[in-house]
Amino acid sequence: MTPSQIIVLATPVFFLLIAVEWWVAQRRRQPVYRLADAVSSISLGMLSQTSAVFTRLLRIGLYTLVFEHVALWRNDAFWTSLPGWVLALLFYDFCYYWLHRMGHESAVLWAAHAVHHQSQDYNLSTALRQTSSGALLGWVFYLPMALAGVPPLVFAVVGLIDLLYQFWVHTELVPRQTGRWAWFDRWFCSPSNHRVHHAVNDPYLDKNYGGVLIVWDRLFGTFKDEDPQEKCVYGTRGLLNSWDPLWANTQVYAGLLHDSWHARRWTDKLRVWLKPPGWRPADVAERFPKPAFSLAAVQRFDPPMTPGIRRFAAVQFVLLLAGVAAFLWQADSAGLGVNLVGFAVLLVWQWALGALMQGRIHWLEMLTLQCGALAMATSAWGWVEAHRVFKPLTMVIAMIFVAACAWYSSTSSHFDSKPSAAHTARGGVVWLLAALAASLAGDAFLMFEGFFVPGLASFLLAHLAYIVLLRRDTPWFASRAALAVPLAVGAVMYAVLWTGGLPAGLRAPVAVYVLVIALMAAQALGRALHLRTRAAWLVAAGAVCFMVSDAVLAINRFVQPLPLSALWVLGTYYAAQALIVGGWVRQALPPLTPVAPRG
């Protein structure tokens with residue numbers, strides 16, 4: 001049985017214990033769970049496990065390499081005996097203590113570990129909230145075990161034991177032990193000890209790093225008892241304030257990169273990454289000041305969700321969980337390409353679920369993104385019948401979303417004082433729907449052999465409709481640079497196709513197509529530079545994605561077959577459509593309340 005399959009089999013136990021904790025908390029009238037926070041934490045745990053499929057080489061592979069070639073003492077019989085197993089577990093926990101401690105004392109290591117601390121709740125779902133980048137540097141701390149000759153199998157098993165032990169200590173329902181059980185809190189990592197570790201209160205900050213044993217903290221001066229008079233406040237001092245799993249994993253890295261880039265001294269550019277979290281060069285702190293942390297000013301991040309959205313999100317979470325379980329069950333035997341495509345689908349699903357709960361996207365947008373991801377995956381996996389369902393369904397849902405936005409704008413008072421804006425928006429809706437309808441026709445044609453030219457013509461009409469759409473609130477080609485660059489890129493692309501084997505009969509229509517899509521990108525980029533809004537830049541990014549998608553499609557078809565071509569072609573294509581639709585709607589129409597269907 002593979003490590004991924006063990007995680008899948010352990011998952012029902014995790015959820016059973018979470019359900020028990022929730023039930024006990026309800027009985028005690030102690031609100032320890034919030035749906036969005038719990039879903040976000042568990043989703044990050046899923047992402048940690050799915051991404052580990054690709055990073056396992058860094059942890060187990062490099063460990064095995066050192067063990068095989070550099071181990072100072074080889075005695076597998078000892079390490080697989082009972083005393084050997086116990087010693088290996090203690091050894092692992094000791095190494096974990098220093099990894100964990102350095103994760104709080106070095107900024108680059110904190111960037112990975114911070115994910116686990118971002119939740120402002122403290123419950124068993126928080127235990128599942130894990131980083132996806134910890135394997136990049138964390139493996140270094142376990143090399144002493146490889147040098148000591150601990151076999152990779154023993155290392156992996158004791159690591160799993162250490163990790164599973166830490167699950168149960170993430171709860172507020174088990175109080176600090178006194179009396180006959182006080183010894184446990186003195187020797188082991190307990191719920192009380194670990195609550196202190198997760199708190200941002202000044203007395204508790206950077207304490208209690210032990211995984212199984214708290215003895216390490218007592219030995220090395222990092223232990224702190226929980227004080228009944230000092231209630232733990234959870235989270236991080238640089239509040240995440242987001243349910244986005246990608247931002248959760250990159251927030252601290254982005255801050256370090258920003259400070260390193262702007263630091264004037266080269267030594268400071270390096271020290272930003274190595275110094276304790278929160279350290280900043282004086283010149284950077286002066287130019288980009290941050291408010292000092294105040295415990296009294298901390299507010300819980302809790303965007304409102306309607307009952308319909310809560311139910312919809314819960315259903316989506318269950319489907320996501322099933323998808324992750326299926327992915328992990330076969331991941332260790334599947335090929336890299338299959339795993340990459342599956343990972344991409346799950347990542348889109350996780351991002352969309354977080355964005356939905358945060359109110360950043362509408363539920364119809366989420367369905368559009370999911371169907372697009374599934375259309376891409378079914379094409380890459382060769383599931384022809386399923387692909388013929390999801391590919392057209394994606395554009396149909398996108399059109400329903402645009403029509404819903406248009407209907408909502410017609411029934412709201414948003415345009416009462418702006419009749420010209422209302423006229424522009426209504427006309428824009430027609431052209432946007434026309435572009436999506438032409439894209440739907442192109443999708444349908446390209447699903448079948450022998451219909452490349454009709455598909456090309458359909459997408460040509462789609463791009464023309466997009467050009468007219470983007471002209472309605474902006475002058476023609478508002479930036480000369482924005483016009484010149486796409487045209488130059490298009491010319492280079494056409495030259496590559498011409499020399500790479502483009503059939504003579506297709507040279508003229510492809511030339512027209514390349515010109516039109518370059519003009520669409522130019523109009524979108526010029527519009528973004530003219531309007532200077534985030535929504536306009538989203539549309540411009542979508543137009544660029546369209547150029548990339550078509551370029552990859554053409555190279556794959558006429559020049560050189562590409563590995564995982566469906567992933568790159570359809571991934572960029574659906575990104576293009578989502579960015580253009582989402583950006584234009586947010587620019588031209590009033591906000592559409594992200595509610596789920598009645599139910």
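This briefing walks through the salt bridges of one protein and one stretch listed in its record. The structure is a predicted model. Side chains of opposite charge can pair when their charged atoms come close. A search of the whole structure turns up 17 salt bridges, and a few of them are introduced below.

**A stretch from the record**
- UniProt, in an unreviewed entry, lists residues 85-222 as "domain: Fatty acid hydroxylase".
- In the model, residues 85-222 are 57% helix and 0% strand, and the C-alpha atoms at the two ends lie 27 Å apart.

**A bridge between two helices**
- Arg-586 and Glu-365 pair through their side chains, with 2.7 Å from N to O.
- Arg-586 belongs to helix α25 (residues 565-588) and Glu-365 to helix α18 (residues 363-381), so this salt bridge ties together parts that are 221 residues apart in sequence.
- Arg-586 is partly exposed, at 36% relative accessible area, whereas Glu-365 is buried, at 10%.

**A bridge within one helix**
- Glu-385 forms a salt bridge with Arg-388, and their closest N and O atoms are 3.9 Å apart.
- Both residues sit in helix α19 (residues 384-411); they are separated by about one helical turn because they are 3 residues apart.
- Glu-385 is exposed, with 56% relative accessibility, while Arg-388 is partly exposed, with 32%.
- Elsewhere, salt bridges with shared partners link Arg-34, Asp-37, Asp-121, Arg-300 and Asp-302 into one network.

**A buried pair**
- Asp-37 and Arg-34 meet in a salt bridge of 3.6 Å, N to O.
- Asp-37 has a relative accessible area of 2%, so it counts as buried.
- Arg-34 is buried too, at 14% relative accessibility.

Definitions and conventions: Residues numbered from 1 in each chain as written. Predicted model: local features only at pLDDT ≥ 70, side-chain atom pairs only at ≥ 80, totals over all residues. Heavy atoms only, no water. UniProt positions renumbered as here; feature names shortened; annotations may be inferred. Helix = DSSP H or I, 4+ residues; strand = E, 2+ residues; numbered from the N terminus. Salt bridge = Lys/Arg side-chain N within 4 Å of Asp/Glu carboxyl O. Buried < 20%, exposed > 50% of the residue type's maximum accessible area, 1.4 Å probe, protein only.
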